[in-house]
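Here are a few short exercises to work through with the viewer open. Try each task yourself before you read its solution.

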Amino acid sequence: MRNKNRKQAAVEATPNSPMQFGAPKSKKTSRNGVYLFSLTLFLLGAGAVLAAFWRVVSVPVIIAAVLFGLLLTCSIRIIPQWERAVVLRLGRLNRVAGPGVYFMIPIVEHTAARVDQRIITTPFTAEEALTADLVPLDIDSVLFWMVWNPEDACTEVEDYSSAIWWAAQTALRDAIGRINLAEVATRREQLDNEIKEILDEKTRAWGITVVSVEIRDIAIPKELQDAMSKEAQAERERNARLLLAEIEQDISEMFVAAAAVYDENDKAMQLRTMNLIYESVKDKGGLVIAPSAFGEAFNNIKGFGKE
């Protein structure tokens, strides 16, 4: 059911729309100023013709006013700061115009495309991408890219937005297919850089630069999640037991070294005995019943001090 919903969202989503992937509602910059400028030019052009021939207003005059307004609108245009206009003259690439006001020769020239040169975010997925050990994974990623050469973006590829979207999916599948399941999570940053390099090399000829690729989510099949969890628990338990064994080995070596010292020096053993008795009664107090050998040790305290 989850895969079905993913596929339906991927079909409904456009390459540049993050809405189906849980992103916040987009707030795109407005182009209303461009449309208002064109409308104003049309009204001024048509109004000037009607004002000039207001005494003989007729259908031909109205048609001429409309045509003049359209001619003025097609001749003078503006483009926002973040966009560039690719202008063709009689079918040949003539120039890249913008930002600001630019002029066109009606009929002879036309704007083939308006290219946004800001950083663009494109969500993409790889459903059931097989790893090197043949485990299917569902991976959600985000691509950050920008157009640095509007000419190449319009002349080298038909639809650069869709092309980079499909190229990103292919690169992600290829990168996943070269590593094992265990390496996918641990090498995520390296995987991002590898996909970025693959895409950057492919899209450089299109006038496009890939800024970064970020993997958002990796969905592992449920039947493997329990097995991986048990494997991780077993690994942690193994490490804990190894650490405990190493600590016990160190302690036993210390005990052996201490026993050698006590065996060579009886007075050291007696001092240790008194220390143990003191530690047992210093907090709560109490009566200590000790063998006669312990009593002799207490009697020899002065002798220890002199020596």
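**Exercise 1.** In this predicted model, find the residue of β3 that stands opposite V86.

*Solution.* Start at V86 and look across to β3: the residue opposite is V96. Next, widen the view to the strands: β2 (residues 83-89) and β3 pair in the antiparallel sense, over five bridges. Then add the third strand: the open sheet has the order β3-β2-β5, with antiparallel pairing. Its edge strands are β3 (92-97) and β5 (109-116), each of which pairs on one side only. Finally, check the twist: neighbouring strands of this sheet are turned by 25° against each other on average, ignoring direction.

**Exercise 2.** Check the span of helix α2 (residues 32-52), then work out where its buried residues sit.

*Solution.* First the span: with 21 residues at 1.5 Å a residue, α2 should span 30 Å, and its end C-alpha atoms are 30 Å apart, so the two agree. Next, list the buried residues of α2: V34, L41, G45, A46 and V49. Because they cover an arc of only 115° around the axis, they lie on the same side of α2. Among the elements covering these buried residues are α3 (59-75) and β1 (76-79). Now turn to the face pointing away from the buried side: there you meet the exposed residues N32, L36, L43 and L44.

**Exercise 3.** Decide whether Q169 is buried or exposed, and find its contacts.

*Solution.* Locate Q169 in helix α5 (residues 160-176). Its relative accessibility is 13%, so Q169 counts as buried, the cut-off being under 20%. Setting aside neighbours within four places in sequence, Q169 is in contact with F124 and T125.

Conventions. Residues are numbered from 1 along each chain as its sequence is written. This is a predicted model: local features need pLDDT of at least 70, side-chain atom pairs count only at pLDDT 80 or more; totals for chains, interfaces and linings use all residues. Side-chain values use heavy atoms; hydrogens and water are left out. Helices (H or I, at least four residues) and strands (E, at least two) are DSSP runs, numbered from the N terminus. The expected span of a helix is 1.5 Å times one less than its number of residues. Buried means under 20% relative accessible area, exposed over 50%, partly exposed in between (1.4 Å probe, protein chains only). The arc is that of the directions from the helix axis to the C-beta atoms. Contact means heavy atoms within 4.5 Å. Two strands pair if DSSP finds at least two bridges between them. Axes are lines fitted to C-alpha atoms, for helices over the stretch in contact, and angles run from 0 to 180 degrees between N-to-C directions.
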